[in-house]
Amino acid sequence: MSASTATSITLERVTKVYDAPVVSDVSLEIAGGSFVTLLGPSGSGKSTILQMIGGFVPPTDGRILFGTDDVTELPPNKRPCNTIFQDLGLFPHMTVTDNVSYGLRIRGVDPGTSAKRVKAMLEIVALDGYERRRVHQLSGGQRQRVALARALVLEPSVLLLDEPLTGLDEQLRQQLRDEIGRLHRRLGATFLAVTHNQEEALSLSDRAAVLRDGKIEQVGTPRELFETPANVFVARFVGVDAMIRPEKVEPGEGAWIATVAGRRVACDPPRRRATNGGYALALRPERIRPCKPGEEADFGPVTVTGTTYKGRDVEVRSSSSLFPPINRGRCRPSAPRSTWSGNRTGLSWWRTPVRPTLHLSNDRKG
Ligand code: ADP
Ligand code: MG
């Protein structure tokens with residue numbers, strides 16, 4: 001299957017009402033062969049949308065198209081689509097092979113062909129050697145792979161994944177995330193995943209739709225969502241910790257000037273001009289640092305009440321009545337001593353890239 005023949009999905013004004021509306025008037029185009037993620041907090045309607053696309057839950061209103069075919073009324077087994085639910089739905093006491101071949105057996109694929117396809121698929125998900133293992137004897141990551149193999153062995157042109165990486169430890173998440181990305185490129189099917197984790201969404205998908213209370217706030221590439229969020233909700237959700245509403249914003253050549261608590265702050269110009277509601281100043285934690293001695297601060301001074309080393313950065317807690325949003329900021333680890341508790345310090349932006357560090361190599365022969 002190639003990307004050009006993969007099935008596109010169109011949601012046309014899809015609504016789902018239980019006691020109250022949980023998905024409202026959602027329209028979305030998913031190109032054939034692309035990887036799209038629905039990103040939103042718990043309860044925002046992500047799983048409900050996935051279940052409607054899979055055919056497990058009927059929409060109250062609106063249409064769902066696969067290519068140009070209206071599938072709104074079709075049962076799940078009549079859609080060229082496979083779903084991996086959050087609980088995976090594997091048979092725990094059956095072997096890996098029996099789990100993966102299950103769907104082929106149901107479809108009446110002959111045992112010889114089935115065995116070949118299962119073998120090839122287990123190699124793709126790096127589970128060869130585990131054929132006879134029972135699922136309850138596998139780790140979380142291995143089970144996740146069995147679920148992927150079981151869905152993909154049926155060669156669906158659409159794969160739906162509900163929180164595929166939730167509940168796995170950090171290293172496994174990264175491994176599986178890469179593996180899902182590879183599978184997507186290799187198989188050329190249309191992948192639609194649901195997650196509440198922004199990093200997952202940004203790293204996996206060609207495009208992501210940010211959901212809030214059953215409505216789409218913004219659809220875009222990861223870069224568009226991160227760099228030009230449509231509003232404060234999207235900005236927060238894709239990784240900005242602190243937002244400050246400036247009292248005044250003055251456009252300038254290059255930098256713009258935002259006035260916050262009576263203080264003028266030079267900032268990057270907005271990617272889009274505000275039409276209503278004005279602007280919010282986004283403080284990306286990775287760009288904040290405590291001032292060097294004698295340096296003029298962009299913000300502050302604040303009193304540092306505590307720091308926590310987090311490896312990638314240092315979380316700095318401070319008390320500032322002027323800038324409450326930055327009271328829990330994160331700084332680069334090279335933060336100077338002034339970040340120590342009890343000190344007063346100003347905060348500034350990183351303006352220059354940080355240089356890479358040399359480390360001793362592990363290579364004993366060298
Ligand atoms: P998410 O996957 O984003 O966490 P869901 O789609 O599971 O969100 O749920 C969205 C909302 O719909 C929630 O408020 C949830 O309680 C409600 N909901 C989901 N399924 C049902 C159902 N079968 N009956 C009633 N309410 C439901
Ligand atoms: Mg869900």
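Two strands count as paired here if DSSP finds at least two bridges between them. With that in hand, let's walk through this predicted model, starting from strand β3.

Strand β3 covers residues 35–39, and it pairs with strand β9 (residues 207–212) in the parallel sense, over four bridges. One contact to look for is Val36, whose bridge partner in β9 is Arg207. β3 is also joined to strand β8 (residues 190–195), again running parallel, this time by five bridges. Here you can find Thr37 opposite Ala193 of β8.

Now look at the side chains of β3. Phe35, Thr37 and Leu39 point one way, while Val36 and Leu38 point the other way. Is the strand covered on these residues or not? Five of its five residues are buried.

Step back and the wider sheet comes into view. Its six strands follow the order β6-β7-β8-β3-β9-β10, the sheet is open, and the pairing is mixed. β6 (81–84) and β10 (215–220) each have a single partner strand, so one side of each lacks a neighbour in the sheet. On average, neighbouring strands are turned by 15° against each other, direction ignored. At the β10 end, five bridges link β9 and β10 in an antiparallel arrangement, with Ala208 opposite Gly220 in β10.

Finally, turn to ligand 1. The residues around ligand 1 include Tyr18, Val22, Gly40, Ser42 and Lys46. Helix α1 (residues 46–54) gives the most to this shell, with three residues. By class, the shell holds seven polar, two nonpolar and one charged residues.

Note on methods
Residues numbered from 1 in each chain as written. Chains lettered and ligands numbered in written order. Predicted model: local features only at pLDDT ≥ 70, side-chain atom pairs only at ≥ 80, totals over all residues. Buried ≥ 20, exposed ≤ 12 C-beta atoms within 10 Å, placed from the backbone. Helix = DSSP H or I, 4+ residues; strand = E, 2+ residues; numbered from the N terminus. Near = placed C-beta within 6 Å. Nonpolar A, V, L, I, M, F, W, Y, C, P; charged D, E, K, R; others polar. Axes fitted to C-alpha atoms, helices over the stretch in contact; angles between N-to-C directions.
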